[in-house]
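Here are a few exercises to work through with the viewer open. Try each task yourself before reading the solution below it.

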Amino acid sequence: MPADAARLNRIPVKNPRSGEIDYHVTPPSRERISEKCQSLRAAQVDWASAPLADRMGIMLKWADAVEAHKDAIVKAESIDTGRWRISSESPDAVIWGIRGWCDRAEDIVNRALQVGASSTMPSVKLAQQLVPYSLVGVISPWNFPMMLSTIDAIPALIAGSAVIIKPSEVTPRFIEPLQESIATVPELEKVLTYVAGGGQTGQDMIDNVDIICFTGSVPTGRKVAQACANNFIPAFLELGGKDPVIVTKSADLERATDAVLRGAVHATGQICYSIERVYVDSQVHDEFVEKLIKKTAEISLNDSDIHQGHVGPLIFDKQAGIIDKQLDDAVAKGAKIRSGGKSQEINGGRYIQPTIVTNVNHAMTLMRDETFGPVMPVMRFSSVDEAVDLANDTEFGLSAAVIAGDAQEAMDIGKRINAGGVSLMDTTLTGSILRDAEKTSFNLSGLGGSRMGGASILRFYRKKALMLNPDMPIKLKDLHEI
Ligand code: NAD
């Protein structure tokens, strides 16, 4: 791309603590993406034909390289997110991801290769071949920039695919140091690359890959699904949520308030499976709210020191506008703000105190649309049936939680909620299933198979059935029409 065109094309990146634009990315041209994809496809042939153990050996070298580049990655990511502790753990999440999948991969793949005898034609011998898609495209969001850019890429690489990743243009600073870690493992560099850019780059990528793993919002997910349908390639969509928690009258309210506060406020509520709707039995509602207000008062912002405090800035300005609008709409319709309130500017960054809202109902956008901020709208219910109906009255279905008097009561209620993952006696336990159980979303929260459990690797294979007839073939003339 000529220098002037590149300058015009540059995407500005804002520092969420200062509000300053202090970084830019220049997206590659459509032609450049196509060249990169061709080169990845060419290298994938050897990558896929190498034994699984060899691929895993290379992946483990990358885990070591990420470890060696940890300081630079953490520094870059923490500027984009405005938070330190979570960013300081993000390389570990990637390293554990690589090592954890490498521990499980052989078992998962070997089990998928086992097929029984044919039940329809007993003389036919069956074998299963797993053929990886050549090139996987990953498009990821800004809330956990590095971790979410690798969550699908690691199992795809282990399966034998090459991968091209386009993280969010809102938080792209980690790409440079992470790409440096990849460059220290030359065998991996041939089959894994990052590109920086926005929506257009995402669309250009979709035109050059065999399968897409997208994590992001519902509106963009819809566009991605449509583009994938046009290209006749599969799309795995991990989208937004409006996750409910049900607190029954028999629940321990200390436990419930701890779990709700953490589930709603951790990472400034910028987690897809954050708690965004709190349903509490009328009999304990007031006591629950008082306790929640008390605990919320102990939570502090990290505005003066990135190493102190519990709540970082809102990473994406646009999100602050959405949260404020939802709070305005709720108050106009009769809601009461019991702690916190709308976002405020501090030293150029946008922050919001953990916010508790009562007197809410489902006519309010606060109870219907994704908030993606540390807001806890609390609504009463008078029977468990009503609570389940309220929890299921949503166009989403990502995850949910139930806190009851005991595990069995929570399990019975949890089974009635339409969501891909339900935490019992706690909230936001989704990370616990990563390699061990599968989940698929309900409604608008996602499409495609599970990114968790063994399916996470197996979805990157086309499954080929090899069917051998050791006997003489049946002759056509012996087939009588009836
Ligand atoms: P977004 O949909 O705005 O952007 C996501 C990605 O899509 C970015 O990389 C963006 O550049 C890219 N993109 C934008 N337009 C595109 C287009 N037309 N074609 C292809 N790619 C395009 O989402 P966001 O604001 O970055 O992230 C927040 C959303 O992500 C929330 O809704 C949140 O719930 C969701 N999320 C879901 C999960 C999950 O696992 N279900 C995890 C994290 C975040």
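## Exercise 1: Polar contacts of the ligand

Task: In this predicted model, find what a backbone N or O atom of L239 lies 2.7 Å from.

Solution. Step one: start at the backbone of L239, where an N or O atom is 2.7 Å from a nitrogen atom of the ligand. Step two: turn to the cover around the ligand. On its own the ligand has 850 Å² of accessible area, and the protein covers 89% of that. Step three: see which elements supply this shell. Two or more residues each come from helix 10 (199-206), strand 7 (211-215) and helix 11 (218-231).

Step four: add two side chains. S217 places a polar side-chain atom 2.6 Å from an oxygen atom of the ligand. In the side chain of Q203, an N or O atom is 2.9 Å from a nitrogen atom of the ligand.

## Exercise 2: The make-up of the shell

Task: How many residues surround the ligand, and which are the closest? Then divide the shell into nonpolar, polar and charged residues.

Solution. Step one: the count is 29 residues, the closest being S140, E169, S217, L239 and E370. Step two: sort the shell by residue type, which gives 11 nonpolar, 12 polar and 6 charged.

## Exercise 3: Two asparagines with positive phi

Task: Locate N359 and N443 in the chain, and decide whether each is buried, partly exposed or exposed.

Solution. Step one: take N359, which sits in the loop between strand 14 (355-358) and strand 15 (375-381). N359 is not a glycine, yet its phi is positive, at about 55°. Step two: check its accessibility. N359 has a relative accessible area of 44%, so it is partly exposed.

Step three: repeat this for N443, in the loop between strand 17 (421-424) and strand 18 (446-447). N443, again not a glycine, has a positive phi of about 55°. Because its relative accessibility is 48%, N443 counts as partly exposed.

## Exercise 4: A nonpolar patch on the surface

Task: Which residues form a nonpolar patch on the surface with V115, and where in the chain is V115 found?

Solution. Step one: the partners of V115 are L126 and M467, and together the three have about 270 Å² of accessible area. Step two: place V115 in the loop between helix 5 (85-113) and strand 3 (125-132). Step three: classify V115. Its relative accessibility is 35%, so V115 counts as partly exposed. That value also passes the patch cut-off of over 30% relative accessible area.

Terms used: Residues are numbered from 1 along each chain as its sequence is written. This is a predicted model: local features need pLDDT of at least 70, side-chain atom pairs count only at pLDDT 80 or more; totals for chains, interfaces and linings use all residues. Side-chain values use heavy atoms; hydrogens and water are left out. Patches are made of residues with over 30% relative accessible area and no salt bridge: like charges are joined within 9 Å, nonpolar side chains (Val, Leu, Ile, Met, Phe, Trp, Tyr) within 5 Å. Accessible areas come from the Shrake-Rupley method with a 1.4 Å probe; for residues, only the protein chains shown count as cover. A salt bridge is a side-chain nitrogen of Lys or Arg within 4 Å of a carboxyl oxygen of Asp or Glu. Helices (H or I, at least four residues) and strands (E, at least two) are DSSP runs, numbered from the N terminus. Buried means under 20% relative accessible area, exposed over 50%, partly exposed in between (1.4 Å probe, protein chains only). A residue is near a molecule or strand if one of its heavy atoms lies within 4 Å of it. A polar contact is a pair of N or O atoms within 3.5 Å; within protein, one must be able to donate a hydrogen and the other to accept it, and residues adjacent in sequence count only if both atoms are side-chain atoms. Ala, Val, Leu, Ile, Met, Phe, Trp, Tyr, Cys and Pro count as nonpolar, Asp, Glu, Lys and Arg as charged, and the others, Gly among them, as polar.
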